Amino acid sequence: MQIDIVSVFPEYFDVLNLSLFGKAQSKGLVSVHAHNLRDWTHDVHHSVDDTPVGGGAGMVMKPEVWAECLDDLLRLEPREMNADGESDSNSDASAGVCDGADTTVTTSAAAGGSPSNGTVLTAAESDGTGDTEHQPASDSDSQVPTHNLGTVLIFPNPSAPLFTQRDATELSHAKRLMFGCGRYEGYDARIPAYYRAQGVDVREYSIGDYVLNGGEVAVSVMLEAITRLLPGFMGNPESIVEESYTGSEALLEHRQYTRPAVWRGMGVPDVLLSGDHGKVDRFRRDEALARTDAIRPDLIEQLDCAQLSKADRKTLMALGWEVSAEHPRRLKRE
C-alpha cells in the first residue's frame, strides 16, 4: 500500500518508523511519504492560510496551495468548474492527466465510491446498506485517470461522519491512501468538493466528538487502524480476529488477563484457570455481551437475533433485552 500524507508538519510522521509500522515499511508492506504543504507555496512567507470569508476568528487553509499539491501528487491538470459545481468539459485541461494522455475511465461513484473496475468498495457497496454518505453529488462528468484507480483521498474533519472499524477494513484494501492534514480553522470546503468532481474518491472522517489542533493526530489514528489489517502486518494474525467492533457482531471485547494468577491480592476469574475451553469461550462471550450492554448498548441493538445462539439469547434476556424480533430491543426497566 502506498501512503502519502500532506501536512505543514511532515516531521510529525517520523513516529511511523517505530514499532510494527516501521517493520511493515522495512518488509515493503507499506510505503509512506510525508509531504510539506509549504513546498507548493510561492510567497516569501510560505503562507498556506488566509482569513475566513464572511469574517470570524482563526484562519482557513487556502485552496490554491492545496490544489497545486494534490494536482501534483495525483497527476491531474487544473480544471475550471461551472456554476453547478461540475467540471467544465470545455476546459483546455479537460484531459485530466498532466501528460495529456488519454487514460481516463468513467467511475461508478465520483465521491467516496470506486471506479467500476477499482479495488475499493464504498460502505454502501460492501455491506448492502444503501448508505449514500460517500456517494457523489453529481455524476455528470466523473472521470478519473487510470493511475488513480484504487486511490482514496482522506481529510480528517471533526464535522464529518465518524471513522469506524468498518471504514478501516474497507480502506485496508485500497492501493493508495492520501491524507490531507488540516490546521487552524480547517481547509477551504471547496477542496474536497473539487476533487470529488474530478472523479477522485474523497472521504472526510471524524475520529470522535472533540476538536484537535490539526489533522496529524487523526491521520495517525486512522493509519494505525487501517494498516494493522494488512496481511503480514501483525506478527500473529489471530490477534485481530476477536477484537472490539470487529466482524459482523461488533461487540466490545472481553477483559484480558495474564500471569500471575494472583497479583497484589487480586485474582483472575477462576473459569480462566479451569482448562475447559468451552467454559472459557462462554465466559468471554458473556462478558463481551455484558460490557457492550453497559457501555455501548447501541451495538447490542444492531445484532441479528437470528444469528444469536441459545446461550447468547439467555444472557441478553438476563441483561434486560427482548430477543424475539429481528434485532434485540431493550425492555423497560422498573
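Contact here means heavy atoms within 4.5 Å. With that in hand, welcome to a quick tour of this predicted model. The chain has an average pLDDT of 84, and 78% of the residues reach at least 70. Two spots are worth a visit: helix 9 and its surroundings, and the loop residue N157.

**Helix 9**
- Helix 9 spans residues 310–318, and D312, T315 and L316 are buried in it.
- These three sit on the same side of helix 9, because they cover an arc of only 95 degrees around the axis.
- As a general reminder, an α-helix has 3.6 residues a turn, so residues three or four places apart point the same way.
- The cover over the buried residues of helix 9 includes helix 7 (277–295), helix 8 (297–301) and strand 12 (321–322).
- K310, K314 and A318 lie on the other side of helix 9, where they are exposed.
- Just after helix 9 comes G320, with a positive phi of about 100 degrees.

**N157 and its neighbours**
- You will find N157 in the loop between strand 7 (151–156) and helix 4 (165–171).
- N157 counts as buried because its relative accessibility is 18%, and buried means under 20%.
- Leaving aside residues up to four places away in sequence, N157 touches Y187, E204, Y205 and S206.
- With Y187 there is also a polar contact, side chain to side chain, at 3.1 Å.

**Where to read with care**
- The pLDDT is below 50 over residues 92–133, a stretch with 105 contacts in the model beyond near neighbours in sequence.
- Residues 135–142 also have a pLDDT below 50, with 17 such contacts in the model.
- Where pLDDT is low, the predicted coordinates should not be read in detail.

Terms used:
Residues are numbered from 1 along each chain as its sequence is written. This is a predicted model: local features need pLDDT of at least 70, side-chain atom pairs count only at pLDDT 80 or more; totals for chains, interfaces and linings use all residues. Side-chain values use heavy atoms; hydrogens and water are left out. pLDDT is the predictor's confidence in each residue, from 0 to 100. Helices (H or I, at least four residues) and strands (E, at least two) are DSSP runs, numbered from the N terminus. Buried means under 20% relative accessible area, exposed over 50%, partly exposed in between (1.4 Å probe, protein chains only). A polar contact is a pair of N or O atoms within 3.5 Å; within protein, one must be able to donate a hydrogen and the other to accept it, and residues adjacent in sequence count only if both atoms are side-chain atoms. The arc is that of the directions from the helix axis to the C-beta atoms.
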